[in-house]
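User: Could you take a close look at the tryptophans in this one and walk me through how their rings are placed? Cut-offs too, please, since I'll want to compare with my own scripts.

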Amino acid sequence: VQFDHGRRVPPERGLWLGLATNKSAAGHPGMSVSYTHLVQQEIMHTREHVAFNKRVADAGYDISGLEKKVIDSLEMTKNRPQILNLAVTMALEHYTAIMATQMITDKKLWKGADPEQVELWKWHAMEEIEHKGVAYDTWLHATKDWTRWKRWKVKSIMMLLVSKNFWVNRYKGVIEPVSYTHLDVYKRQV
């Protein structure tokens with residue numbers, strides 16, 4: 001169910017920096033409130049992801065490899081044009097919104113789950129969908145002088161790269177051998 005935990009360590013600064021570096025959109029009529037709200041949410045969201053990942057590590061799971069993948073991915077855009085950070089942000093937020101929509105609409109995902117946890121995760125999913133909208137509106141504003149073709153081409157390439165990296169990294173993270181330590185932690189919780 002945890003569709004984006006682990007992918008966002010270190011903090012989501014890589015995502016919201018894509019927005020923060022395009023501050024001209026923040027001054028655009030109708031966007032400043034959404035923009036400011038999103039950046040504030042992402043900062044708080046970061047805190048929660050860090051706390052979650054600490055609890056995962058404290059429970060005996062080694063997520064250092066996944067954390068390194070995220071750091072390495074963020075480093076790839078470090079000294080690149082600001083519009084690249086925004087394109088990455090837009091694509092990642094779109095991707096998580098796709099998963100969030102699935103979480104909200106597919107009742108089978110929640111079968112047997114604690115109702116309070118279901119509500120928390122659905123709220124989280126709605127937050128992700130909202131982020132997609134703000135990131136995309138910022139993208140449209142930042143690329144307002146681009147042709148539709150250029151905009152489509154960059155979005156398409158970025159979505160392909162994000163999709164590939166997400167599934168390759170997720171697959172590697174899921175398929176790693178389960179150690180007996182993980183099984184012992186699970187047995188203690190059951």
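**The tryptophan rings**

Analyst: Trp139 counts as buried, at 0% relative accessibility; buried here is under 20% relative accessible area, exposed is over 50%, and partly exposed is in between, with a 1.4 Å probe and protein chains only. Before going on, the ground rules: this is a predicted model, where local features need pLDDT of at least 70, side-chain atom pairs count only at pLDDT 80 or more, and totals for chains, interfaces and linings use all residues. Residues are numbered from 1 along each chain as its sequence is written, and side-chain values use heavy atoms, with hydrogens and water left out.

Now the rings. Rings of Phe, Tyr and Trp (its six-membered ring) pair if their centres lie within 6.5 Å; planes under 30 degrees apart count as stacked, over 60 as edge-to-face and the rest as tilted. By that rule there are two aromatic pairs. In one of them, Trp139 meets Trp146 edge-to-face, 5.5 Å centre to centre with 85° between the planes. Trp139 is the buried partner, while Trp146 is partly exposed at 22% relative accessible area.

The other pair is Trp149 with Trp152, and this one is stacked: 5.4 Å between centres and 25° between planes. Both sit in helix 6 (residues 148-175), three residues apart, about one turn of the helix. Helices are DSSP runs of H or I, at least four residues, numbered from the N terminus. How exposed are Trp149 and Trp152? Trp149 has 56% relative accessibility, so it counts as exposed, whereas Trp152, at 48%, is partly exposed.

Back to Trp146, which has a charge for company: Lys150 lies over its face, 4.3 Å from the ring centre. The test for that is NZ of Lys or CZ of Arg within 6 Å of the ring centre and within 35 degrees of the ring normal.

One more tryptophan is worth a stop. Trp123 lies in helix 5 (residues 115-142) and is partly exposed, with a relative accessible area of 48%. Together with Leu120 and Met126, Trp123 forms a nonpolar patch on the surface, with about 340 Å² of accessible area. Patches take residues with over 30% relative accessible area and no salt bridge (a side-chain nitrogen of Lys or Arg within 4 Å of a carboxyl oxygen of Asp or Glu), joining nonpolar side chains (Val, Leu, Ile, Met, Phe, Trp, Tyr) within 5 Å and like charges within 9 Å. The areas come from the Shrake-Rupley method with a 1.4 Å probe, and for residues only the protein chains shown count as cover.

Note on methods. Helix = DSSP H or I, 4+ residues; strand = E, 2+ residues; numbered from the N terminus.
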